[in-house]
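Q: Please take a close look at one part of this fold. I would like the strand pairing and the packing around it, in one connected account.

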Amino acid sequence: PEDYGNVISKPSLKLVTTLDPDAMRDYSKQVLDLRRKYADALMYGTFRDNLGLSLKTDGKVIAKVFEAADKSYSAAVVWNMSDTDEASYELTFKGKKASSFDSPEGGCEGGKLAAQSIQVVIFK
């Protein structure tokens, strides 16, 4: 618990200690690989919060957008915050079209998120 003393929103220690550490490691690597894949936006680009985004959802979904450093595309990260429920979403970005969807597990169609999952939507 003391390791999380300066974290604003503390993780559930019960959850962390009951999950399979190998599965957690593998998923963490998948998330980091996805971040690296879109590093031009997610690591070196400009965080735009939700400016220009329009999100419609039937669940606990949030979306944040990053503009690539070279301004060639924008990447929206979409997260279903529900611990139990799948959610549908529709995301549009002013002046751009969604060109692809991706997730830590690999390519996806977008529009639906399992509980506690994320997707990256690329807009061009």
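A: The sheet comes next, then its packing.

The model is predicted: local features need pLDDT of at least 70, side-chain atom pairs count only at pLDDT 80 or more, and totals for chains, interfaces and linings use all residues. Residues are numbered from 1 along each chain as its sequence is written, and side-chain values use heavy atoms, without hydrogens or water.

Five strands form an open sheet in the order β1-β3-β4-β8-β6, with antiparallel pairing. Strands (E, at least two residues) and helices (H or I, at least four) are DSSP runs numbered from the N terminus. Two strands pair if DSSP finds at least two bridges between them. β1 (46-49) and β6 (98-102) are the edges; each has a single partner strand, so one side of each lacks a neighbour in the sheet. Neighbouring strands are turned by 25° against each other on average, direction ignored.

β6 pairs with β8 (residues 117-123) in the antiparallel sense, over four bridges. S100 stands opposite I122 in β8. Helix α2 (residues 21-37) lies across β6 and β8, at about 10° to β8. Angles run from 0 to 180 degrees between N-to-C directions of axes fitted to C-alpha atoms, for helices over the stretch in contact. Contact means heavy atoms within 4.5 Å.

The largest nonpolar core has 13 residues; A76 and V121 are among those with the most contacts inside it. Such a core joins buried Ala, Val, Leu, Ile, Met, Phe, Trp, Tyr and Cys residues through side-chain atoms within 4.5 Å. Buried means under 20% relative accessible area, with a 1.4 Å probe and protein chains only. β3 (61-67), β4 (74-80), β5 (87-93) and β8 each supply at least two residues of this core. β5 gives the most, with four. A second, separate core of eleven residues includes L34, Y38, I118 and I122.

Notes:
Buried means under 20% relative accessible area, exposed over 50%, partly exposed in between (1.4 Å probe, protein chains only).
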